[in-house]
Amino acid sequence: VRLGCAGRAASSYRIVAWDALSVSVEWRAEGGEGGGGEAALYRAPLVRGMPYATVSYGSGACRAPLVEFLHGSILSLNGQAAAAGRLEASGTRFEVRLDTGVRWLLYASQPLSLATSGAATLEAAGGGGG
């Protein structure tokens, strides 16, 4: 899985916190508020053996978060079959099934709308953090 922001690539990352068992990484992009410096796009704590990942998107820096599945195409989103064309769903819980048999559960802290933008990419319509 690759995380990102539609139309805005991360240009750098930095370690913002760490301890004996974990590290928190922040991905940044050029052109922060007012067009200068860098803006935080998203942050994630990484822990060895973690069964799930949590990603926090920076407020305002990433208008349209996206998730790209690197090993498989999206078969369904919340039960809607991809054969129906573009898939869209709204809420805070999303179930994604891939053609490899893998099932992903995605959760957002605030309601948002997701839509497919390619065979293996989900993009938040209108953006928002989560």
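# Close-ups of a predicted model

**View 1. A nonpolar patch sits on the surface.** V1, L3, V102 and W104 make a nonpolar surface patch of about 300 Å². Keep in mind here, and in every view below, that this is a predicted model. L3 belongs to strand β1, which covers residues 2-5. Its relative accessible area is 30%, so L3 counts as partly exposed. W104 is partly exposed too, with a relative accessible area of 33%. We'll meet W104 again in View 4, where it has an aromatic partner.

**View 2. Here is the largest nonpolar core.** Which residues have the most contacts inside this core? They are F69, I74, L77, F94, V96, L114 and L122, out of 16 core residues. Four strands each supply at least two residues of the core: β7 (74-77), β9 (88-98), β10 (103-116) and β11 (121-125). There is also a second, separate core, this one of eight residues, and C5, A29, Y42 and V55 are among them.

**View 3. Zooming in on L122 and T116.** Even if you skip the neighbours within four places in sequence, L122 has plenty to touch: P65, L66, V67, F69, I74, L77, V96, L106, L114, A115 and T116. Take T116 from that list and look at things from its side. T116 is found in strand β10. Is T116 buried or exposed? With a relative accessible area of 10%, T116 is buried. Leaving out residues up to four places away in sequence, T116 touches I74, R86, L87, T121 and L122. I74 turns up in the contacts of L122 and in those of T116.

**View 4. Aromatic rings pair up.** How many aromatic pairs does the structure hold? It holds three. One of them joins Y42 and Y57, with 5.3 Å from centre to centre and 55° between the planes, which makes it a tilted pair. Y42 sits in strand β4 (residues 38-47) and Y57 in strand β5 (residues 56-57), so this pair links distant parts of the chain, 15 residues apart. Both Y42 and Y57 are buried. Another tilted pair is made by F69 and W104, at 6.0 Å centre to centre and 50° between the planes. F69 lies in the loop between β6 (65-68) and β7, while W104 is in strand β10, so the pair ties together parts that are 35 residues apart in sequence. The two partners are not alike in exposure: F69 is buried at a relative accessible area of 3%, whereas W104 is partly exposed at 33%. As for Y42 and Y57, they join W27 in one aromatic cluster.

**View 5. A salt bridge connects E68 and R2.** The whole structure has seven salt bridges, and here is one of them, between E68 and R2. Their closest N and O atoms are 3.6 Å apart. Where are the two partners along the chain? E68 is in strand β6 and R2 in strand β1, 66 residues apart, and the pair links these distant parts of the chain. E68 counts as partly exposed at 27% relative accessibility. R2 is partly exposed as well, with a relative accessible area of 44%.

**View 6. E26 and R43 meet across two strands.** Side chains of opposite charge can pair when their charged atoms come close. In this view E26 forms a salt bridge with R43, and the closest N and O atoms are 2.8 Å apart. E26 comes from strand β3 (residues 22-30) and R43 from strand β4; they are 17 residues apart, and the pair links distant parts of the chain. E26 counts as buried at 6% relative accessibility. R43, on the other hand, is partly exposed with a relative accessible area of 36%. Pull back a little and you can trace a network of salt bridges that links R14, E26, R28 and R43.

**View 7. R103 reaches E95.** This salt bridge has its closest N and O atoms 3.9 Å apart. How exposed is each partner? R103 counts as partly exposed, at 45% relative accessibility. E95 has a relative accessible area of 18%; buried means under 20%, so E95 is buried.

Technical notes:
Residues numbered from 1 in each chain as written. Predicted model: local features only at pLDDT ≥ 70, side-chain atom pairs only at ≥ 80, totals over all residues. Heavy atoms only, no water. Core = buried A, V, L, I, M, F, W, Y, C linked by side-chain atoms within 4.5 Å. Buried < 20%, exposed > 50% of the residue type's maximum accessible area, 1.4 Å probe, protein only. Contact = heavy atoms within 4.5 Å. Patch = residues over 30% accessible without salt bridge, like charges linked within 9 Å, V, L, I, M, F, W, Y side chains within 5 Å. Areas by Shrake-Rupley, 256 points an atom, 1.4 Å probe, with all protein chains shown as cover. Salt bridge = Lys/Arg side-chain N within 4 Å of Asp/Glu carboxyl O. Phe/Tyr/Trp six-rings, centres within 6.5 Å; stacked < 30°, edge-to-face > 60°.
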